[in-house]
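The following paragraphs lead the reader through a predicted model. Please consult the sequence and the structure alongside the text.

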Amino acid sequence: MANGYDRFDNEGGGGGSFVMGLLTGTVLGAGLGLLFAPKSGSELRNQISEQAGSLANQASEGYRKAQATAGEWVEKGREAYSQAAERGREVYDKAKDAVSRGTAEAERYVREVNQTTPPGTRS
């Protein structure tokens, strides 16, 4: 696109707003349906009570699912962090060993040069 925005780039995390819109539409539609339906007071109260219970159950189920999903994300994040930390330790250890070997090799080379070069010719 011309402005660098692509609506398909943002599809991964938009599930929460969709669910909220769906729940809001459901509540509004049910409320308007009840207001305009010709029923007696007791029937209307019973229906409102049943629908409120149903809505509470749906909200509870949605909360449970969201909590489970969040728990899965946390666990995946912990695993990724642990793996990255382990790889970092491995790289650090390899680099440390390489530096130690390089230092030992340089010291050995300096000793050899000092031993083979006559004392008056060293700079």
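How many residues apart do R108 and E112 lie in helix α2? The two residues are four apart, about one turn of the helix. Their side chains form a salt bridge in which the closest N and O atoms are 2.6 Å apart. Salt bridges with shared partners join E105, R108 and E112 into one network. Within this network, R108 also meets E105 in a salt bridge, at 2.2 Å from N to O; these two residues are three apart in helix α2 and thus separated by about one helical turn. Each member of the network is partly exposed: R108 has a relative accessibility of 35%, E105 a relative accessible area of 41%, and E112 a relative accessibility of 37%.

Helix α2 comprises residues 41-116 and contains a further pair, E86 and R89, whose side chains meet in a salt bridge of 3.1 Å, N to O. E86 and R89 are three residues apart, which places them about one helical turn from each other. E86 is partly exposed at 37%, and R89 is partly exposed at 46%. The structure holds four salt bridges, including those described here.

Helix α1 spans residues 15-36 and includes L22. With F18 and V19, L22 makes a nonpolar surface patch of about 310 Å². L22 counts as partly exposed because its relative accessibility is 48%.

The protein as a whole has two helices and zero strands. Of its 123 residues, 2% are buried. The accessible surface comes to about 10600 Å², and carbon and sulfur atoms account for 59% of that area.

Technical notes
Residues numbered from 1 in each chain as written. Predicted model: local features only at pLDDT ≥ 70, side-chain atom pairs only at ≥ 80, totals over all residues. Heavy atoms only, no water. Patch = residues over 30% accessible without salt bridge, like charges linked within 9 Å, V, L, I, M, F, W, Y side chains within 5 Å. Areas by Shrake-Rupley, 256 points an atom, 1.4 Å probe, with all protein chains shown as cover. Buried < 20%, exposed > 50% of the residue type's maximum accessible area, 1.4 Å probe, protein only.
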